Structure formats: C-alpha cells, structure tokens
Amino acid sequence: MAKIQSEDILYNILRWPVDACTRRMFRKVRVYGKKDLPKDAALIFAPNHCNTLLDALAVLQSRRRPTAFGSRADIFRKPAVARILTWLRIVPLARSRDGLAEVKNNFAVFEEAAECAIAGVPFCIFPEGKHTPGYEVQPVKSGVFRIAEAAVQKTDKKVYIVPIGLSYSDFYRPKPDIYIRYGKAIPAEEILALPPKERSDKLHDAIQELVIEPAPDNNYLVVTVLKWLISLVLSPVILAAIMLSCPIWITSEVLVRKLKDKAWSNTTRFGCRMVGTVLLTIIYAVLGFIFLPWWGAVALVLFFWLAPNFFYQLFR
C-alpha cells in the first residue's frame with residue numbers, strides 16, 4: 001500500500017483546480033512567514049482550527065507543495081471513503097469520544113505521520129482536536145507531541161513543530177479575507193523536554209500570538225458605493241454571471257441554511273462550487289458547441305468559470 005507521502009501524478013494534477021477553487025473562496029489571501037520555514041527538516045504544522053475543512057484547504061493552498069493531514073477518524077468508517085481520503089494524504093485520528101479501541105489505533109497513525117514528515121512532506125495536525133469559530137485558540141491536545149516524539153526517534157534530521165495562525169474576517173459569510181501566518185519553528189527536542197502541561201501551553205501561546213482578528217475596513221462605505229456604480233455600468237455582464245452561476249449559488253445557500261453547525265457554511269460552499277463547476281462546465285460546453293460557433297462555446301465556458309467569482313466579489 002502506498003505511503004501518504006508517496007508521489008502521485010493524478011494527485012498533483014488535481015491540486016491545480018482544487019487550489020484554484022480554494023483561492024476563489026476568499027476575497028483576499030495573505031500569507032506570512034512561509035519563507036522562514038526550515039529547510040531539510042521534518043516539519044509538523046500546528047494551525048488553529050476555526051473553519052472546518054476550509055482550514056486544511058487554506059494551509060494546502062498557501063504552500064503549493066504536498067502536505068499531509070490528520071482528520072477525525074469517524075469519517076473513515078466506510079472503506080471506499082477511507083481509500084479516497086488516504087489517497088488525498090489524509091489519515092484518521094481518533095478522539096476520546098470514539099472509544100478506547102479507536103484511540104489505540106492512533107499510535108500507528110503517529111508513526112505514519114512521523115515517517116511522512118521525515119520524507120519531506122510536512123504533516124499538518126490541528127492540535128485543538130476540534131473546530132471552534134473565533135479568534136480564541138482552544139487547549140492543545142497531546143497528539144502533535146506524540147508525532148514529534150516518533151519523528152525524533154526515527155531520524156537524525158532536525159524536527160520542528162511549526163505554529164500557524166489562521167485568521168478569517170468572517171467565519172460564515174461567503175468570500176471572507178484570510179490571513180495565514182507561519183510562526184517561528186519550535187525545535188521538537190526543545191518543547192518535548194518540557195513537562196506535558198508546559199509544552200501544551202507553549203504551543204498554545206505560540207499559535208494564539210499568530211491569530212489576529214482582522215481590522216474592520218475603514219473604506220467600506222466608499223467601496224460599497226463604487227461597487228454599486230460599477231454594477232450599474234456592467235449590469236448586462238452581471239446578469240449573465242448571475243444566470244450562469246445561480247445553480248451553484250442557490251444549491252449552496254439552501255444547504256447552508258439547513259446546517260446545524262454553521263461553521264461548515266463555507267466548506268459547504270466550497271463543495272458545491274467544486275462539484276457544480278465540473279457538472280455545469282460539461283453542460284454549458286455541450287450546449288455551447290451545439291448552438292454556438294466553436295469560439296462562442298469556448299467563450300461561454302471561460303466566462304462561466306469567472307462568473308461565480310465575479311458575482312460574489314461584487315455583491316459580498
């Protein structure tokens with residue numbers, strides 16, 4: 001069975017549309033500290049967890065390089081789903097609520113995660129163990145330190161835990177801004193030398209320093225007026241964008257309204273956009289080549305790819 005760090009051509013190809021879709025989920029993306037990551041070292045990423053699957057997608061898109069992830073074990077219970085998630089470089093991590101038998105499996109996963117980091121593919125674990133919308137980092141669990149211990153024992157490379165702060169301008173509305181801050185890498189041997197409570201507090205504080213609530217936009221009124229003026233001038237284009245993208249928009253907003261945990265709002269929008277873009281591209285391409293000249297069909301598809309982003313950007 002292939003390791004999660006193994007090279008996969010199809011995975012690399014699919015990263016392009018996934019990263020593009022992730023980028024378009026945000027109005028603005030700012031990444032800090034990425035260039036300061038240690039080279040030729042085993043890296044374990046430790047971001048705060050505040051926006052469900054979108055957190056992992058944001059970290060993945062910020063580097064454009066392979067990254068593996070840990071996720072809740074209960075979503076791996078169906079074999080077909082488990083195979084897909086493993087192919088996506090995601091491994092199961094059980095929580096105490098999953099039962100002792102499931103938690104025991106974590107030890108093998110910690111070893112696998114350590115090998116992945118040693119092989120040069122950073123392993124990302126959300127050390128809080130749950131998602132909590134907001135700017136307050138929750139207490140850090142021990143899993144991240146178990147992976148670091150396993151990595152230290154397996155290699156002569158330097159092993160680092162890298163705190164990451166994810167700050168969204170909004171956790172529920174579409175097209176938020178996101179600020180991704182890579183903090184100073186913490187040598188694993190240094191933090192593992194501390195007592196359990198102190199090591200957890202040290203990592204917690206390092207992440208918390210990076211989670212900064214974005215300042216409100218002081219130019220909001222001016223920008224809003226400009227957007228409405230632009231919308232009047234470009235009203236035919238906007239109407240076309242609405243018509244082409246409304247199946248995705250309506251489906252996602254209907255599903256969002258039914259969510260019990262509203263933190264999944266933008267993750268749901270991401271899923272609808274990914275699936276909807278594929279399906280509607282096929283439909284519009286077929287209809288375009290039937291009823292339009294070839295260049296018109298190509299223009300239709302290209303405009304459709306821009307339409308959802310244009311629509312959300314203008315009316316956010």
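Leaving aside its neighbours within four places in sequence, which residues is isoleucine 212 in contact with? In this predicted model, isoleucine 212 is in contact with Ser167 and Arg181 once those neighbours are set aside. Isoleucine 212 sits in the loop between H8 and helix H9 (220–233), and it is partly exposed, with a relative accessible area of 42%. Although isoleucine 212 and serine 167 are 45 residues apart along the chain, their C-alpha atoms are separated by 6.1 Å.

## Helix H8 and its surroundings

The loop that holds isoleucine 212 comes after H8, and this helix can be described in some detail. Helix H8 covers residues 196–210, and its 15 residues should span 21 Å at 1.5 Å a residue; the end C-alpha atoms are 22 Å apart, which agrees with that expectation. Its buried residues are Arg199, Ser200, Leu203, His204, Ala206, Ile207 and Leu210. Seen down the axis of H8, these buried residues fall within an arc of 160°, so they line one face of the helix. On the other side of H8, Lys197 and Glu209 are exposed.

What lies over the buried residues of H8? The elements that cover them include strand S2 (42–47), strand S6 (159–168), strand S7 (177–182) and strand S8 (186–187), together with helix H6 (143–154) and helix H7 (188–192).

## Helix H5

A second helix, H5, has 13 residues and reaches 18 Å from its first C-alpha to its last, close to the 18 Å expected at 1.5 Å a residue. The buried residues of H5 are Asn106, Val109, Phe110, Ala113, Ala114, Cys116, Ala117 and Ile118. H5 is followed by glycine 120, whose phi is positive, near 100°.

## The largest pocket and the cavities

H5 also takes part in the lining of the largest pocket, as one of several elements that each supply at least two residues; the others are helix H1 (9–23), helix H2 (53–63), strand S3 (68–72), helix H3 (79–87), strand S4 (90–93), H6 and helix H11 (265–291). This pocket has a volume of about 1600 Å³, and of the 46 residues that line it, the closest to its centre are Gly70, Ser71, Arg72, Ile90 and Phe126. H11 gives the most to this lining, with 5 residues. By class, the lining of the largest pocket divides into 26 nonpolar, 12 polar and 8 charged residues.

A search of the whole structure finds 2 cavities of 30 Å³ or more. The second largest cavity holds about 30 Å³ of space, and the residues that line it are Asn48, His49, Cys50, Glu128, Thr132, Gly134, Tyr135, Glu136, Val137 and Val211. Its lining has 4 nonpolar, 4 polar and 2 charged residues.

## Residues in the loops

Several loop residues are set out below with their relative accessible areas.

| Residue | State | Relative accessible area |
|---|---|---|
| Aspartate 40 | exposed | 66% |
| Arginine 64 | exposed | 55% |
| Threonine 67 | buried | 0% |
| Lysine 262 | partly exposed | 34% |

Most residues other than glycine have a negative phi. Aspartate 40, in the loop between strand S1 (28–32) and S2, has a positive phi of about 50° although it is not a glycine. Arginine 64 likewise is not a glycine and has a positive phi of about 60°, and its place is in the loop between H2 and S3.

Threonine 67 also lies in the loop between H2 and S3, but whereas arginine 64 is exposed, threonine 67 is buried. Not counting residues up to four places away in sequence, threonine 67 touches Tyr11, Phe45, Leu60, Arg89, Val121, Pro122 and Cys124. The C-alpha atoms of threonine 67 and histidine 204, which are 137 residues apart along the chain, are separated by 22 Å; histidine 204 is among the buried residues of H8.

Lysine 262 is found in the loop between helix H10 (235–258) and H11. With residues up to four places away in sequence not counted, lysine 262 touches Phe171, Tyr172, Val256 and Arg257. Lysine 262 and proline 133 are 129 residues apart in sequence, and 9.2 Å separates them in space, C-alpha to C-alpha.

Technical notes. Residues are numbered from 1 along each chain as its sequence is written. This is a predicted model: local features need pLDDT of at least 70, side-chain atom pairs count only at pLDDT 80 or more; totals for chains, interfaces and linings use all residues. Side-chain values use heavy atoms; hydrogens and water are left out. Helices (H or I, at least four residues) and strands (E, at least two) are DSSP runs, numbered from the N terminus. The expected span of a helix is 1.5 Å times one less than its number of residues. Buried means under 20% relative accessible area, exposed over 50%, partly exposed in between (1.4 Å probe, protein chains only). The arc is that of the directions from the helix axis to the C-beta atoms. Contact means heavy atoms within 4.5 Å. On a 1 Å grid over the protein atoms alone, a cavity is a set of points where a 1.4 Å probe fits but cannot get out, and a pocket is an open set with protein on both sides within 12 Å along at least five of seven lines; lining residues have an atom within 4 Å of a point. Grid points are joined across faces, edges and corners, and a volume is the space filled by probe spheres set on the points. Ala, Val, Leu, Ile, Met, Phe, Trp, Tyr, Cys and Pro count as nonpolar, Asp, Glu, Lys and Arg as charged, and the others, Gly among them, as polar.
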